Amino acid sequence: MKIAINQVPAEGLYIEEEIKSAQLDLDTDLIKFGPVLEVRGKVTRITNALTVELNIKGSLGADCSRCLSRYDWKLDKNVRFTYPLESSDNFIDLDPDIREEIILDYPIKPLCRPDCQGLCLKCGKNKNEGGCNCGST
Ligand SMILES: [Zn+2]
Ligand SMILES: [Zn+2]
């Protein structure tokens, strides 16, 4: 997602765009991003800088690190970037910063819910779905 600096008017520029998540390389071993992100916000130009305020929305799937089941969650994040303007710049590419902001929110150990009970160490049953008969709980 690129902003043409000379197309940002004095009153600011509203932007609304869908970005393909593949373009930002967002998937990890545990986390799979939905196909698109919705990005909308405003670009404001002040004397020597461009300020970009964005809301980023997307949906993600992850494997719970305790019970191994796949679960989904929604990303909905507000971010703000400031770019100093050099006279030689024509465009600002937002993708690297958007990507970084999203990845910052990735959990190191994804959990389908905060109190996920995980799997029984003996029989492998998902304890969120009820007790097993191993007596370990
Ligand atoms: Zn879980
Ligand atoms: Zn068990």
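## A walk along the strands

Start with strand 3 and strand 5: they run antiparallel and are joined by three bridges. Strand 3 covers residues 31-33, and strand 5 covers 49-63. Keep in mind throughout that this is a predicted model. To see the pairing, select K32 and look across to strand 5, where G61 stands opposite.

**Zoom out for a moment**

Show the whole chain as a cartoon. You should find two helices and seven strands, in the order β-β-α-β-β-β-β-β-α along the sequence. Now turn the model around. The C-alpha atoms fill a box of roughly 70 × 20 × 20 Å along the principal axes. The radius of gyration tells a matching story: the chain has 21 Å, while a compact globule of 137 residues would have a value near 14 Å. Colour by burial and you'll see that buried residues make up 13% of the 137 residues. As for how the chain meets itself, take the contacts between residues at least 6 apart in sequence: 57% of them join residues at least 24 apart.

**Strand 4 against strand 5**

Next, select residues 36-46, which are strand 4. This strand pairs with strand 5 in the antiparallel sense, over nine bridges. A good place to check the register is E38, which has K57 of strand 5 opposite it. Follow the backbone from strand 4 into strand 5 and you pass through a hairpin with two residues in the connection.

**Strand 5 against strand 6**

Stay on strand 5 and bring up residues 70-84, which are strand 6. How many bridges hold strand 5 and strand 6 together? There are 15, and the pairing is antiparallel. Two pairs make handy markers: T51 faces T82 of strand 6, and N55 has N78 as its bridge partner there.

Now go to the turn of this hairpin, which has six residues between the two strands. Pick L68 in the loop and check its backbone: phi is near 70 degrees, a positive value in a residue other than glycine. Most residues other than glycine have a negative phi. Is L68 buried or exposed? L68 counts as exposed because 12 other C-beta atoms lie within 10 Å, and the cut-off for exposed is 12 or fewer.

Look along strand 6 itself. How many of its 15 residues are buried? The number is zero, so strand 6 lies largely in the open. V79 is one of the residues in strand 6; with 18 other C-beta atoms within 10 Å, V79 is partly exposed. Leaving out residues up to four places away in sequence, V79 touches L54, I56 and E101. For a sense of distance, measure from V79 to A10: they are 69 residues apart along the chain, and their C-alpha atoms are separated by 21 Å.

**Into the core**

Select L26, F33, L37, V39, V43, V52, L54, L60, A62, L94, I98 and I102 and show the side chains; these twelve residues make up the largest nonpolar core. Strand 4, strand 5 and helix 2 (95-104) are the elements that give two or more residues to this core. Which element gives the largest share? That is strand 5, with four residues. In soluble globular proteins, nonpolar side chains tend to be buried together.

Centre on V39 next. Setting aside its neighbours within four places in sequence, V39 is in contact with M1, E17, I19, L54, I56 and I98. L54 and I56 should look familiar, since V79 touches them too.

**Two last stops in the loops**

Move to D25, in the loop between helix 1 (21-24) and strand 3. Here phi is near 55 degrees, again positive in a residue other than glycine. D25 is exposed because 11 other C-beta atoms lie within 10 Å, under the same cut-off of 12 or fewer.

Finish at E86, in the loop between strand 6 and strand 7 (91-93). E86 counts as exposed, with 8 C-beta neighbours inside 10 Å. Draw a line from E86 back to D25: the two are 61 residues apart in sequence and 28 Å apart in space, C-alpha to C-alpha.

Technical notes. Residues are numbered from 1 along each chain as its sequence is written. Chains are lettered from A and ligands numbered from 1 in the order in which they are written. This is a predicted model: local features need pLDDT of at least 70, side-chain atom pairs count only at pLDDT 80 or more; totals for chains, interfaces and linings use all residues. A residue is buried if 20 or more other C-beta atoms lie within 10 Å of its own, exposed if 12 or fewer, and partly exposed in between; C-beta atoms are placed from the backbone. The radius of gyration is taken over C-alpha atoms; the globule rule is 2.2 Å times the number of residues to the power 0.38. Two residues are in contact if their C-beta atoms, placed from the backbone, lie within 7 Å. Two strands pair if DSSP finds at least two bridges between them. A nonpolar core is a set of buried Ala, Val, Leu, Ile, Met, Phe, Trp, Tyr and Cys residues joined through C-beta atoms within 7 Å.
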